Amino acid sequence: VDKHILFHELRDALRHDTCPICSIVENRIKKAINIFLHEGIGDAETRNAYIKAKGYCNYHAWKLREAGDPLAHAILYKELLEHHKRDIESYLEQKRNASSRNPSRSLSSLGMFRKKGRFLDGKEYLIKESNTAPKQCLLCVTVKDVEKRYLQSLPVFFEQDEQFKNDYVNRGVLCNPHLRKLVDWNEPSEALAGILEIQLGRLDINIDHLEEIQRKANYQHSYKEPGAERGGWIRAVNLYVGSPGIENTFEHDKV
Ligand SMILES: [Zn+2]
Ligand SMILES: [Zn+2]
């Protein structure tokens with residue numbers, strides 16, 4: 001994507017109460033799914049990459065499912081289920097070989113697999129084959145690319161373009177996961193500090209709305225029509241975890 005398109009896309013995505021990175025990611029995934037369904041299924045290379053990654057992650061598999069297209073799903077999932085079946089079959093076959101006490105004493109007659117220089121028994125093999133994929137979910141890879149490109153551009157545009165900066169001051173906000181990535185992927189700068197200051201102001205407003213919801217719930221007699229806090233609890237979810245499908249896990253201290 002050329003810098004110009006990137007700039008306009010990011011500026012257009014600046015909307016009140018909406019993380020621009022989340023909305024760009026959502027659009028990009030929608031597009032990628034469309035392209036995959038209309039051109040990718042018929043293209044052996046694209047299809048193989050999908051199969052090699054063992055399909056999509058749970059979230060993106062359901063996104064693809066929402067697009068409908070029974071035929072595409074029949075083609076893709078037939079292959080995925082066949083792979084799944086083969087893993088189980090080879091496990092059972094090895095077990096059978098092991099118990100038939102084949103005098104050849106070959107590896108397979110002992111129920112062992114050789115994998116990357118290691119000997120695995122049938123169970124280890126099945127677990128390894130079922131739990132690993134040579135590639136990540138391709139849409140998750142797309143998400144990460146988009147996040148990185150746009151989050152690294154954000155402080156640059158903020159610093160270099162007065163209009164962009166104004167727009168960001170007026171309505172810029174990031175979800176928690178994207179704010180953390182912004183800090184992680186950029187060197188400290190005035191622009192970055194400015195973006196963080198703005199974020200603090202946005203958080204204050206959101207926290208006020210949540211307090212207002214609690215306050216009104218506590219005084220039901222004087223219950224008033226919801227004001228600016230209306231929907232604040234949903235905005236808080238978006239703000240704290242990002243939109244659906246955004247990776248927001250924290251590292252956990254080892255016990
Ligand atoms: Zn976000
Ligand atoms: Zn994914």
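**Two zinc sites and a nonpolar core**

The donor residues of the zinc ion (ligand 1) follow the sequence spacing C-x2-C-x152-C-x2-H. Donors here are N, O and S atoms within 2.8 Å of the metal (3.2 Å for Na, K and Ca); water is not among the atoms, so sites may look incomplete. The pair Cys19 and His178 links distant parts of the chain, 159 residues apart. Cys19 sits in the loop between α1 (3-12) and α2, and His178 in helix α9 (residues 176-185).

The model is predicted: local features need pLDDT of at least 70, side-chain atom pairs count only at pLDDT 80 or more, and totals for chains, interfaces and linings use all residues. Residues are numbered from 1 along each chain as its sequence is written, chains are lettered from A and ligands numbered from 1 in the order in which they are written, and side-chain values use heavy atoms, with hydrogens and water left out.

The protein chain holds 11 helices and two strands. These are DSSP runs numbered from the N terminus, with helices being H or I over at least four residues and strands E over at least two. The order from the N terminus is α-α-α-α-α-β-β-α-α-α-α-α-α. Of the 255 residues, 35% count as buried. Buried means under 20% relative accessible area, exposed means over 50%, and partly exposed lies in between (1.4 Å probe, protein chains only). The accessible surface of the protein chain is about 16,600 Å². Carbon and sulfur atoms contribute 54% of that surface. Accessible areas come from the Shrake-Rupley method with a 1.4 Å probe; for residues, only the protein chains shown count as cover. A contact requires heavy atoms within 4.5 Å. Among contacts between residues at least 6 apart in sequence, 67% join residues at least 24 apart.

At the site of the zinc ion (ligand 1), the protein donors are Cys19 (SG), Cys22 (SG), Cys175 (SG) and His178 (ND1). They lie 2.0 to 2.3 Å from the ion. The four donor atoms subtend angles of 98 to 117 degrees, so the arrangement is tetrahedral. Four donors count as tetrahedral if all angles lie between 85 and 135 degrees; four count as square planar and six as octahedral if opposite donors are over 155 degrees apart and all others between 65 and 115; anything else is irregular. Cys19 is buried, at 8% relative accessibility. His178 is buried too, at 0%.

The zinc ion (ligand 2) is coordinated by Cys57 (SG), His60 (ND1), Cys137 (SG) and Cys140 (SG), at 2.1 to 2.3 Å. The angles among its four donor atoms run from 100 to 116 degrees, and the site is tetrahedral. The donor spacing is C-x2-H-x76-C-x2-C. Here Cys57 and Cys140 join distant parts of the chain, 83 residues apart. Cys57 belongs to the loop between α3 (44-52) and α4 (58-66), and Cys140 to helix α7 (residues 138-160). Cys57 is partly exposed at 25% relative accessibility. Cys140 is likewise partly exposed, at 23%.

Helix α2 (residues 20-40) has 21 residues. Its expected span, 1.5 Å times one less than its number of residues, is 30 Å; the end C-alpha atoms are 28 Å apart, which agrees. Buried residues of α2 include Pro20, Ile21, Cys22, Ile29 and Phe36. In α3, Ala49, Tyr50 and Ile51 are buried.

The largest nonpolar core has 44 residues. Such a core is a set of buried Ala, Val, Leu, Ile, Met, Phe, Trp, Tyr and Cys residues joined through side-chain atoms within 4.5 Å. Leu10, Ile21, Tyr56, Leu154, Phe164, Tyr168 and Leu174 touch the most other members. In soluble globular proteins, nonpolar side chains tend to be buried together. Beyond its neighbours within four places in sequence, Ile21 contacts Leu10, Glu147, Tyr150, Leu151, Leu174 and His178. Leu154 lies in helix α7 and is buried at 1% relative accessibility. With the same neighbours within four places left aside, Leu154 contacts Leu10, Phe164, Tyr168, Leu174, Leu182 and Ile195. The C-alpha atoms of Leu154 and Lys165 are 9.7 Å apart, across 11 residues of sequence.

Two loop residues have a positive phi. Lys54, just after α3, takes a value of about 60 degrees. Lys54 lies in the loop between α3 and α4 and is partly exposed, at 36%. Asp69 also has a positive phi of about 60 degrees, although it is not a glycine. Asp69 falls in the loop between α4 and α5 (70-99) and is partly exposed, at 27% relative accessibility.
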